[in-house]
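Trainee: I have just opened this one and would love a guided tour. Could we go through it together, one question at a time?

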2 protein chains.
Amino acid sequence: MDAEPTPSLVAALDIGGTKIAGALVDGEGRIRLRSRRPTPAREDGETVAAAVEAVLADLAASPLWESAGAVGIGSAGPVDAALGTVSPVNVPGWRDYPLVERVRRAATGRPVTLVGDGVAMAAAEHWLGAARGHSDALCLVVSTGVGGGLVLDGRVHPGPTGNAGHIGHLPVDLDGEPCACGGRGCVERLAGGPHLARRAVENGWRPGPDGDVSAAAVAAAAHAGDPIAVASFERAAQALAAGIAATAALVEIDIAVVGGGVAGAGEVLFAPLRRSLRTYAALSFVRDLKVVPAVTGTDAGLLGAAASAMAGPAR
Amino acid sequence: MDAEPTPSLVAALDIGGTKIAGALVDGEGRIRLRSRRPTPAREDGETVAAAVEAVLADLAASPLWESAGAVGIGSAGPVDAALGTVSPVNVPGWRDYPLVERVRRAATGRPVTLVGDGVAMAAAEHWLGAARGHSDALCLVVSTGVGGGLVLDGRVHPGPTGNAGHIGHLPVDLDGEPCACGGRGCVERLAGGPHLARRAVENGWRPGPDGDVSAAAVAAAAHAGDPIAVASFERAAQALAAGIAATAALVEIDIAVVGGGVAGAGEVLFAPLRRSLRTYAALSFVRDLKVVPAVTGTDAGLLGAAASAMAGPAR
């Protein structure tokens, strides 16, 4: 990732609103050991931190631990990599929580690198996935939320606070609905799973006998040809295309890598996404932009945290 | 600009649809010599190139020319800095025109750096203007078109082809009007001077006895309190705010520097712009974003071209 000597084994933490995953990852991106605990997201901050320490203790119990030269953390955001703090929206007990310091102590002084989960996913795809070999890329996670990270000039670009690539909160519909972030007309407000599903229901789509009104159920209906379900995916694709086109106009990327649960719907998302991109990405230097599915899957957070640890602190 | 030895005097070219400006610029940003010719924009490409050579010949006639170690070009876009070609929208005779090679020959082999005009403006503001000392900034030109450039990690970020920072063609209104770029709902379509003026006229604003329906005339009416003129500036400000907020979410900037003729309207643009930014830039890491006027004025293109020449080729 850079010119510094890189540790050949690192510890990685992937911290989300539902689970805390940990792993020891080697220099080839192989996961040598895993641990995982539920995130006690409704508890106080100390309890959440204790769960992180428990995951680290699982890793430290391995004889491999001694070889782990650094720790990388990919966390639900917002994060502040400059201050070493995190304030995950879905973990109210953590506000400006000094996670880096806490992990450094638990990892007996090893260097700790913190990035947002979108940046971690981009680091994983750039290291081992679909963005490999690309100098300038946007990697997106389209799931309950919409996140992302950037690769610029051949390196992951976390930004000063580790939040760059926040594609879900680009305003693409300036007269649109208020978003949970406090903004308006954000990509996530149109393309996040719950919004996509609710739009289908509001427009008259009805779930099957199981009552499942998730984005996955809407995806199944779209695959079966239900026009309302198809239209809801098309609208999500339109918002994603506008966000990707904005990114391309702004920083010149030649590939967008799309992962996450909603992206798992496959061509009902990707086909209208590629179509809409032709509408929004018209300038000569963005016209050849490719859109491809992510490949690192559910391990993206761990692998990206590992890649970030190997690259060392952002600045 | 970087660790390489930088020439203490360079030649700069600022190439637009109406004029070709040239200068010799020293290491402190002082313009030591100027030349300027109209752009024969409706003529064939060879005639336009001859005008560039004439400007260079004016500079070369000075005894200072021998000390000029490099040439920087800021050109109306799109440009392709990787290939050394330009295709300015308003100069139809130049399509993929090999400007760098042509200028290199005219400048007897001196190294030539090419960037888009928005990148040049950002380089000027970062070197000598309002973005000085900022590691991460967006600089915009709001004029007939809307352009811009980025500073990331303390350096101008031209992108692989020299077009990064194309803020005017971020889609912020995904169901909006078609844009001249081929896209839809772009910032420029709402905030460019002619669009701003036409919107005022369409909504019932009437010019004074001089019949002036320019953006400057609408600005004067807005200053005098005309509600339709005020509303047209507010709509432009809203689009610019969405674009600036998108940039902040994507690459983490802490300042946006706004120049160009429409920005010359002052508070009738800046006041609603700051207000709208509070709507669109709500995330913790973008909330403290400042918006300030540019200071390098009409010399921004020349000074930015000079800065780019001193920094050397982008990659």
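Trainee: Is strand E7 (residues 112-116) of chain B largely enclosed or not, and how many of its residues are buried?
Mentor: This is a predicted model, in which local features need pLDDT of at least 70, side-chain atom pairs count only at pLDDT 80 or more, and totals for chains, interfaces and linings use all residues. Residues are numbered from 1 along each chain as its sequence is written, while chains are lettered from A and ligands numbered from 1 in the order in which they are written. Strands are DSSP runs of E with at least two residues, helices runs of H or I with at least four, numbered from the N terminus; a residue is buried if 20 or more other C-beta atoms, placed from the backbone, lie within 10 Å of its own, exposed if 12 or fewer, and partly exposed in between. The strand is largely enclosed by the rest of the structure, because the buried residues number 5 of the 5.

Trainee: Which strand pairs with E7(B), and in which sense?
Mentor: Two strands pair if DSSP finds at least two bridges between them. Here there are 5 bridges, and Gly74(B) stands opposite Val115(B). The partner is E4 (residues 71-75) of chain B, and the sense is parallel.

Trainee: What rotation superposes chain A on chain B?
Mentor: Copies are superposed by least squares on the C-alpha atoms of residues with pLDDT of at least 70 in both. The RMSD is 0.0 Å, with 0.0 Å of shift along the axis, and the rotation is 180°. That is the relation of a two-fold axis.

Trainee: At roughly what angle do H7(A) and H7(B) cross?
Mentor: Each helix spans residues 227-251, and the axes, lines fitted to C-alpha atoms over the stretch in contact, come within 11 Å. Residues are in contact if their C-beta atoms, placed from the backbone, lie within 7 Å; Ala246(A), Thr247(A), Leu250(A) and Val251(A) meet Ala246(B), Thr247(B), Leu250(B) and Val251(B). Angles run from 0 to 180 degrees between N-to-C directions, and the crossing angle is roughly 80°.

Trainee: Is His166(A) buried or exposed?
Mentor: His166(A) lies in the loop between strand E10 (155-157) and helix H4 (187-191) of chain A. Its contacts beyond four places in sequence include Gly118(A), and also Ala249(B), Leu250(B) and Leu283(B). With 31 C-beta neighbours inside 10 Å, His166(A) counts as buried.

Conventions: Two residues are in contact if their C-beta atoms, placed from the backbone, lie within 7 Å.
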